[in-house]
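The following exercises concern aromatic contacts and burial. Please examine the sequence and the model before reading the solutions.

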Amino acid sequence: MPSPLIDVETLHNRAADPSCRIVDCRFSLMDTEQGRRAYAAAHIPQAVYAHLDEDLSGPVVKGVTGRHPLPSIERIAEVFSCWGIDRAVSVVVYDDANGSVAARLWWMLRWLGHDDVAVLDGGWKAWQTAGFPVTETVVLPVARVFVPKVRLALTVDAARVDR
């Protein structure tokens with residue numbers, strides 16, 4: 001099994017590889033558009049943006065779900081496909097909140113059978129501290145077909161997520 005973490009030097013060396021998809025997960029519960037603005041201002045080259053509310057969560061049902069329930073498997077598979085993720089793609093996720101949102105995406109990919117995913121060790125801050133390039137260019141990845149293979153052992157834990 002691949003390491004759950006990747007260091008900035010390794011990601012820098014792989015960032016231009018078309019079989020590597022980078023996902024920026026910066027998000028603030030206090031200002032839900034802060035992450036999108038941060039991504040628009042500067043992000044790791046080739047990264048796509050994942051919005052916690054819009055991409056990584058399903059509909060909130062008052063009194064039934066928590067603030068960020070999991071999306072349906074069909075919905076998240078569609079999102080991953082649009083981001084250009086399939087079994088042949090390595091995924092690296094990062095945020096600026098000590099990995100909390102990035103870890104959610106890491107877990108979701110693993111839950112749906114995608115093993116080749118890692119969280120950027122130190123996140124956005126580590127990338128900036130290393131002095132690696134950033135960009136404002138928004139990537140439009142070529143869509144692929146993500147086929148989920150739900151791991152039942154992780155599904156039991158999913159019932160407790162965000163409650």
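**Exercise 1: an aromatic pair**

Both Phe80 and Phe146 are buried (under 20% relative accessible area, 1.4 Å probe, protein chains only). The model is predicted: local features need pLDDT of at least 70, side-chain atom pairs count only at pLDDT 80 or more, and totals for chains, interfaces and linings use all residues. Residues are numbered from 1 along each chain as its sequence is written, and side-chain values use heavy atoms, with hydrogens and water left out.

Task: state which geometry the pair Phe80 and Phe146 adopts.

Step 1. Rings of Phe, Tyr and Trp (its six-membered ring) pair if their centres lie within 6.5 Å; planes under 30 degrees apart are stacked, over 60 edge-to-face, and the rest tilted. The count by this rule is six aromatic pairs.

Step 2. For Phe80 and Phe146 the centres are 5.0 Å apart and the planes 80° apart, hence edge-to-face.

Step 3. Phe80 belongs to helix α3 and Phe146 to the loop between α5 (123-130) and α6 (152-158), so the pair ties together parts 66 residues apart in sequence. Helices here are DSSP runs (H or I, at least four residues), numbered from the N terminus.

**Exercise 2: a pair within one helix**

Task: classify the pair Trp107 and Trp111.

Step 1. With 5.4 Å centre to centre and 15° between the planes, Trp107 and Trp111 are stacked.

Step 2. Both lie in helix α4, four residues apart, about one turn of the helix.

Step 3. Trp107 is buried, at a relative accessible area of 17%; Trp111 is also buried, at 5%.

Note on methods: Helices (H or I, at least four residues) and strands (E, at least two) are DSSP runs, numbered from the N terminus. Buried means under 20% relative accessible area, exposed over 50%, partly exposed in between (1.4 Å probe, protein chains only).
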